[in-house]
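Here's a walk through one structure, written for someone who'd rather look at geometry than read adjectives. Have the viewer open while you read.

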Amino acid sequence: MPTRADLTEGGRRGFGRHALRALLTACALIAAAPALANPQLAIHYVERRVERPTPLNNEPPIPDDEGLRGAELGLRDGNATGRFVGLSFALTSTVVEPGADLPAALAALARESGPLRFLVVNAPADDLLAIADAPETRDAVLLNVGAPDVRLRDRDCRARMLHVLPSRDMLTDALAQLLLYKRWNRLLLVSGPGADDALYADALRKSAKKFGARIVAEASFDARGADLRDSALKEFAVITRGPEHDVVAVADERAEFGANLVYNTASPRPVVGTQGLIPTAWGRPVEAWAAVQLQGRFAKLAGRPMGAIDWAGWMAVHAVTEAATQLKSSDGSAIRDLLISKKFEVGGFKGRALSFRPWNGQLRQPVFVLWPGAVVAAAPVEGFLHRRTELDTLGLDEPESACRAFGGNG
Amino acid sequence: MILFRLCVGAMLLMPLGAEAHEVYVSNERDNTVSVIDSTTWEVTRTFPVGRRPRGLTFSKDGRRLFVCASDSDAVQVIDPDTGKLLHDLPSGEDPEQFSLAPDGKTLFIANENNATTTVVDADTRKVLAQIDVGIEPEGMAVSPDGKLAVTTSETTNMVHWIDTGTLQATDATPVGQRPRHAEFTRDGKRLWVSSEIGGTVAVIDVATRRVVETIGFEIKGISGDRIQPVGIALSEDGRSAFVALGPSDRVAVVDTESFKVKATILVGRRVWHVAALPGGERLVTTNGVSGDVTVIDAVSLKAIRSIKVGRYPWGAAVRPAAGVRSAGAAE
């Protein structure tokens with residue numbers, strides 16, 4: 001009698017800064033039900049850790065296992081389903097520390113696991129592209145769960161790279177739709193100094209233009225060199241003094257000051273963007289559309305709330321296992337073809353059927369606009385229409401994307 | 001009780017031909033059940049139940065009301081006359097929907113949180129079996145001959161077939177994304193299954209366990225992904241299926257021979273479930289977002305009335321006439 005797949009912890013090792021080249025983390029290998037007719041399908045989770053700033057206001061730090069835990073839940077769900085059609089799935093995890101050798105880790109993974117077919121990648125854009133272009137992944141489908149960069153869905157796209165995490169412009173489009181719906185059309189934008197902050201600010205500007213909002217003034221803020229605990233009250237009042245505006249938009253992806261901007265603006269205006277009211281793929285207050293079921297299963301597994309990257313990790317594995325189940329097959333190329341075909345639809349606890357855009361591999365999905373207390377809206381917001389599906393009002397539409405790698409599928 | 005007697009008095013004054021029925025509606029957010037009188041279409045009583053009530057059904061004689069109190073992890077057995085809790089049944093974790101077998105005592109319960117179906121003897125209050133099924137089982141139905149039970153798993157996207165003799169899952173049939181509700185036809189030959197995210201209803205041949213028809217829905221001016229089939233009610237004469245289409249705020253009426261959509265009826269917001277009243281003239285829907293119940297005329301296929309109930313109304317069950325004292329049932 002097959003039993004539910006059980007993840008074994010403990011075998012997980014990191015790829016340390018000074019780690020030996022051959023050190024491979026072959027953790028979380030799962031003992032699943034014996035495959036009846038089909039061989040077990042291996043999915044590989046690959047993460048490049050990034051350095052994160054110390055929490056500013058004693059908020060819980062971003063968990064070390066964000067992404068991986070979601071993938072693990074996806075595997076559990078996938079095996080619970082797959083056993084009814086004689087399929088079983090396994091998950092390995094490779095975590096590479098900042099500065100450590102990613103290509104070496106990938107080569108070691110390939111040596112240990114054989115041909116790589118499905119990789120769930122939680123890594124910055126450059127690492128993701130390096131993995132996509134490595135010889136070991138020649139036949140692999142990459143599922144991006146960590147990089148929101150628009151360029152990966154645009155000129156830097158790859159034919160075998162699917163994006164489960166919403167892109168930055170999907171996020172800012174969602175936010176802009178809500179602002180327009182509420183007629184909060186005038187934004188005062190405050191950006192941090194990071195490269196990612198600049199990308200977020202850029203996405204915000206484009207979204208404002210796309211939907212008819214206006215950025216009335218811009219300011220930049222660098223938290224380095226100042227102790228916000230002393231200076232926030234005065235400094236934020238100065239930089240947010242400007243022409244009439246409805247909201248203060250903030251671009252601070254590393255969370256270096258945005259939380260302190262809330263309630264510290266010159267005028268009594270809501271803060272929106274990377275802090276305050278945020279657009280995101282997932283968050284703790286998401287409850288509708290049976291999300292509470294997924295939240296409950298995740299909390300039981302991980303002992304903490306599910307974040308956006310966790311959701312993307314779950315969704316990536318769920319998409320692969322669901323496609324395999326629909327096919328009743330563990331054949332990698334057949335699964336890949338189905339994933340990017342127009343007939344593939346999958347649920348993701350967001351109230352709509354999700355599918356991959358055939359022009360750039362981005363997963364179509366609703367985006368939540370929320371604050372820590374509640375979900376304010378799920379975009380696409382009522383009234384924003386599209387001839388194909390309203391979901392395509394978020395992010396790069398077919399004519400806008402410079403991605404040509406998907407060619408015939410478009 | 002006093003109110004109830006007053007209502008009984010009022011019913012005597014009703015015009016002839018309007019048979020009195022009681023419709024029980026679970027209010028998921030309020031943790032209550034509202035009772036609606038089908039002659040006046042008014043809420044006559046509201047009584048408290050366990051947390052997050054969803055599915056509800058009656059014993060054959062109408063004397064006991066069973067309520068899935070999902071967040072209380074219990075199936076509650078309630079005296080419908082008084083609204084008083086008689087006792088809980090062991091239900092497994094997070095009971096979502098259930099179905100009472102024709103023997104009148106075997107209850108099949110879908111446990112949404114832990115991927116099992118729990119089988120309980122409602123008389124002895126003993127768990128007979130817990131059967132492993134797919135993730136998030138929700139829809140539950142027992143065939144008219146009592147030999148088969150089915151549950152639909154919302155994340156596994158399958159119909160699981162259970163042999164009620166051996167209490168084993170024997171087979172699984174893949175259906176569209178997020179199957180929520182299953183309903184056997186009266187002759188037991190076919191099973192109708194709604195897929196909320198797939199946006200379709202599958203009609204399955206029970207003998208072969210194969211999907212023989214997949215019904216899609218189109219509504220002018222409503223984007224396809226807001227058409228989300230959930231509840232299904234089959235008419236007494238077997239000719240029509242009424243399908244609740246969730247956030248499209250409509251009920252589709254499907255011809256069970258041709259599988260063509262005959263009509264779509266605008267009801268309240270986010271319609272979850274449909275229940276047919278005996279006699280075949282009226283149906284009711286539960287509308288989760290607008291917090292009301294819509295009454296449908298099955299002849300003209302029009303919504304004729306809406307009744308405010310509690311917050312997030314979810315399930316509806318009509319009390320069998322035998323159990324309604326005012327209808328003249330022997331005590």
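What follows covers the chain contact, some helix packing, two sheets and a few backbone oddities.

Keep in mind that this is a predicted model.

**Where the chains meet**

Let's begin with the contact between the two chains. On one side, 15 residues of chain A take part, and they touch 19 residues of chain B. Two elements of chain A, helix H1 (68-82) and helix H8 (291-302), each supply two or more residues to the side that touches chain B. H1(A) gives the most, with three residues. Sorted by class, this side of chain A has five nonpolar, six polar and four charged residues.

**Helices in chain A**

H1(A) also packs against another helix of chain A, H9 (residues 308-327). How do the two helices sit relative to each other, roughly parallel or roughly perpendicular? Their angle is about 25 degrees and their axes are 6 Å apart. Angles under 35 degrees count as roughly parallel, so H1(A) is roughly parallel to H9(A). The crossing of H1(A) and H9(A) is right-handed.

If you want to click through this contact, residues on the H1(A) side include Leu68(A), Gly70(A), Ala71(A), Gly74(A), Gly78(A) and Gly82(A). On the H9(A) side you'll find, among them, Trp311(A), Trp314(A), Ala316(A), Val317(A) and Thr321(A). By class, the H1(A) contact with H9(A) comes to 10 nonpolar, nine polar and three charged residues.

H9(A) has another packing partner in H10 (residues 332-339) of chain A. Here is how the two helix pairs look side by side:

| Helix pair | Angle | Axis separation |
|---|---|---|
| H1(A) and H9(A) | about 25 degrees | 6 Å |
| H9(A) and H10(A) | about 105 degrees | 9 Å |

The range from 65 to 115 degrees counts as roughly perpendicular, which is why H9(A) is roughly perpendicular to H10(A). In this contact, Ala319(A), Val320(A), Ala323(A), Ala324(A), Gln326(A) and Leu327(A) of H9(A) meet Ala334(A), Ile335(A), Leu338(A) and Leu339(A) of H10(A). The class split for H9(A) with H10(A) is nine nonpolar, one polar and no charged residues. Ala324(A) is worth a click, as it belongs to the H9(A) side of the contact with H1(A) and also to the contact with H10(A).

Then there's H3 (residues 125-132) of chain A, whose buried residues are Asp127(A), Leu128(A), Leu129(A), Ile131(A) and Ala132(A). What covers them? The cover includes helix H2 (102-113) and the strands E2 (41-48), E4 (118-122), E5 (141-144) and E6 (161-163), which belong to chain A.

**Two sheets in chain B**

Over in chain B, one open sheet has four strands in the order E8-E9-E10-E11, with antiparallel pairing. Its edge strands are E8 (95-100) and E11 (126-132), each pairing on one side only. The twist averages 20 degrees from one strand to the next. Within this sheet, E10 (residues 116-121) runs antiparallel to E11(B), and six bridges join them. One handle on the register is Thr117(B), whose bridge partner in E11(B) is Ile131(B).

Another open sheet of chain B has four strands in the order E12-E13-E14-E15, and the pairing is antiparallel here too. E12 (137-142) and E15 (168-174) are the edge strands. Neighbouring strands are turned by 25 degrees against each other on average, direction ignored. Six bridges join E14 (residues 158-163) to the antiparallel E15(B), and Ile162(B) has Ala169(B) as its bridge partner there.

**Backbone oddities**

Which residues should you check for unusual torsions? Ala115(B) has a positive phi of about 55 degrees although it isn't a glycine. Ala115(B) sits in the loop between E9 (106-111) and E10 of chain B. With 24 other C-beta atoms within 10 Å, Ala115(B) is buried.

Arg270(B) is another non-glycine with a positive phi, near 45 degrees. The loop that holds Arg270(B) lies between strands E23 (261-266) and E24 (271-276) of chain B. Arg270(B) counts as buried because 23 other C-beta atoms lie within 10 Å, and the cut-off is 20 or more.

Back in chain A, a cis peptide bond joins Ala379(A) and Pro380(A), with omega about 5 degrees. Pro380(A) is placed in the segment after strand E15 (374-379) of chain A.

Notes. Residues are numbered from 1 along each chain as its sequence is written. Chains are lettered from A and ligands numbered from 1 in the order in which they are written. This is a predicted model: local features need pLDDT of at least 70, side-chain atom pairs count only at pLDDT 80 or more; totals for chains, interfaces and linings use all residues. Two residues are in contact if their C-beta atoms, placed from the backbone, lie within 7 Å. Ala, Val, Leu, Ile, Met, Phe, Trp, Tyr, Cys and Pro count as nonpolar, Asp, Glu, Lys and Arg as charged, and the others, Gly among them, as polar. Two strands pair if DSSP finds at least two bridges between them. Axes are lines fitted to C-alpha atoms, for helices over the stretch in contact, and angles run from 0 to 180 degrees between N-to-C directions. Angles under 35 degrees count as roughly parallel, over 145 as roughly antiparallel, 65 to 115 as roughly perpendicular and the rest as oblique. A crossing is left-handed if the near helix is turned anticlockwise from the far one by less than a right angle, and right-handed if clockwise. A residue is buried if 20 or more other C-beta atoms lie within 10 Å of its own, exposed if 12 or fewer, and partly exposed in between; C-beta atoms are placed from the backbone.
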